[in-house]
Amino acid sequence: MRINWSSCRQLVSTQDLLHIGHVRGFHISTRQLTNSALPRHQEANKEDRLITDEWTNITSTIERLTHRKLLSNPAHPLSILTDIIFSKFPEHEYTRANFPNPRVSVYENFESLNITSDHVSRSKTDTYYLNKDHVLRTHTSAHQVESFRHHPTPGFLIAADVYRRDEIDKTHYPAFHQMEGGRWWSPQGTSSVKELVAKINEDAAKIPVSEIKIIDDTLPFHDGNPKQDGQHPEVCIAVTNHLKRTLEMVVGDIFENIVGDPSVPKEPLQIRWIDATFPFTSPSWEMEVYWQGDWLELFGCGVTQQRVFDRAGYPERVGWAFGLGLERLAMVLFGIPDIRLFWSEDPRFVEQFTPGVVTSFKPFSKYPGTYRDFAFWLKEGTIPEEFHDNDVMDIVREAAVDLVESVKLIDKFTHPNTKRNSLCYRVLFQSMERTLHNDEINVLQDSIRDRLEKMFGVELR
């Protein structure tokens, strides 16, 4: 059930906000305040989501995944990991939000987060559109504005399924899960920047200090990773310090208590910070952890863009936000070799895990795979760049669902005389649960060839 605290919300006066803005170093105009009182988002209502149009590209396979709700099973590895991370954040400071419906408006998913109309992530090749105004959320950040607006605590946590059109291999899947977190402070009750900074630093001092080695050569902000215009430097530094200490504590607790692969010598845990760029935070960073001989990217995070708070109706606030891909971390901690396994309904997978405990995955089968090549001429006048790999991925998924481990483009060819363009994709058919027979693979192959022909007018070779 979606938490709605709108009836509890209290707004300060325009005069108070102008005073607060002056204290914080933000230049808040009366026009901004007027705009903040307008409707701040366009939620995807049920009727609008059902309308299809020329933008609709969601397939029946993807639609079925939206009903699986893996996080509702406390013994699923993703749910176990989510609960462990949630437990690191005090409940009196962080509301655990629930957004079970992945269908959101284009405004929520993109525009509320400063993602411009020409951004590549908004293309039909990257995003599943229900129609021109609604999508399957591509990130949990789609609920960031709503969470900053409604929740009664100064922080929030979200874990949910998200969807992106993507390649097919062992580490990519069109449906996956993210965690989102945010924390804010208000200058209300303070009379100066110094007092606001002291308030943030006091909260940071309560966070346990991690004993792991921290490599942080980044600056609090610089021209390549700037603070926001109008934000006081000391406020930016204080928010950044609280953000980094929080995530360092979380990661240190998780990894120090995980046994890992016993065949790999355990090395001292290390964390490093790297400058990054995101549309809805500035400055921004990524956190990586050195784990079993390799650097693993975990968090993207940063100081929340002021426009996000403006759209939430609280232009006086400052804060931070982070995002985390759960599958990537779970694959490392549980030793799960193929992302498709998270969606397996085989009892040999789902029954080997215990709520609250991280244990190593025990392989229950390894069936041989079979390769098949799909070669075709593109329609006359079509260049390879106009034919997107993700279109092929969706056709393969729709025909074979999870019976394919990988799809790779292995050849491009232009005929020297006709100038027609040819592509060839190699598909690895492999089940995680049983042996696939040639007769079955032949049926799948024919289905894929038929779909390519009918949907894109290609000439099969």
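Okay, before anything else, one term: a residue is called buried when its relative accessible area is under 20%. Keep that in mind, and remember that what we have here is a predicted model.

So let's use the term right away on Asn114. At 14% relative accessibility, Asn114 sits under that 20% cut-off, so we call it buried. Asn114 is in the loop that runs between α6, residues 106-109, and β3, residues 129-131. What makes me point at it is the backbone: Asn114 has a positive phi, about 70 degrees, although it is not a glycine.

There's another one like that, Val401. Its phi is positive too, about 50 degrees, and again we're not dealing with a glycine. You'll find Val401 in the loop between α13 and β13, the strand covering 404-414. Is Val401 buried or exposed? Well, its relative accessibility is 37%, so Val401 counts as partly exposed.

Okay, let me zoom out for a moment. The protein chain has 461 residues, and 51% of them count as buried. In terms of elements, we have 14 helices and 15 strands. About 21,400 Å² of the chain is exposed, with carbon and sulfur atoms supplying 52% of that. And here's one about contacts: take those between residues at least 6 apart in sequence, and 73% of them join residues at least 24 apart.

Now, helices. How much of helix α5 is covered? Mostly covered is the answer: in this helix, residues 77-86, nine of the ten residues are buried. Among the buried ones are Pro77, Leu78, Ile80 and Phe86.

Next, a pair: α8, residues 193-205, and α9, residues 233-256. Their axes come within 9 Å and cross at roughly 10 degrees. That angle is under 35 degrees, so α8 is roughly parallel to α9. On the α8 side the contact includes Val193, Leu196, Val197 and Ile200, and on the α9 side it includes Val235, Ala238, His242 and Arg245. Sorted by class, the contact of α8 with α9 has nine nonpolar, three polar and three charged residues.

Compare that with another pair, α13, residues 389-400, and α14, residues 438-456. These axes also come within 9 Å, but the crossing is at roughly 135 degrees. α13 and α14 are therefore oblique to each other. The crossing of α13 past α14 is right-handed. Who meets whom? From α13 we have Asp391, Ile395, Val396, Glu398, Ala399 and Ala400, and from α14 they meet residues including Leu444, Ile448, Arg451 and Phe456. By class, this contact of α13 with α14 has nine nonpolar, one polar and three charged residues.

Hold on to Asp391, because it takes us to Asn57. These two are 334 residues apart along the chain, and their C-alpha atoms are separated by 9.8 Å. Asn57 is in the loop between α3, 46-50, and α4, 60-65. With 14% relative accessibility, Asn57 counts as buried. What does Asn57 touch? Leaving out residues up to four places away in sequence, it touches Lys124, Thr127, Tyr128, Tyr129 and Arg165.

Last stop, a proline. The peptide bond from Ser282 to Pro283 is cis, with omega near 0 degrees. Pro283 lies in strand β9, residues 281-291, if you want to find it on the screen.

That's my tour, thanks.

Methods:
Residues numbered from 1 in each chain as written. Predicted model: local features only at pLDDT ≥ 70, side-chain atom pairs only at ≥ 80, totals over all residues. Heavy atoms only, no water. Axes fitted to C-alpha atoms, helices over the stretch in contact; angles between N-to-C directions. Helix = DSSP H or I, 4+ residues; strand = E, 2+ residues; numbered from the N terminus. Parallel < 35°, antiparallel > 145°, perpendicular 65-115°, else oblique. Left-handed = near helix turned anticlockwise from the far one by under 90°. Contact = heavy atoms within 4.5 Å. Nonpolar A, V, L, I, M, F, W, Y, C, P; charged D, E, K, R; others polar. Buried < 20%, exposed > 50% of the residue type's maximum accessible area, 1.4 Å probe, protein only. Areas by Shrake-Rupley, 256 points an atom, 1.4 Å probe, with all protein chains shown as cover.
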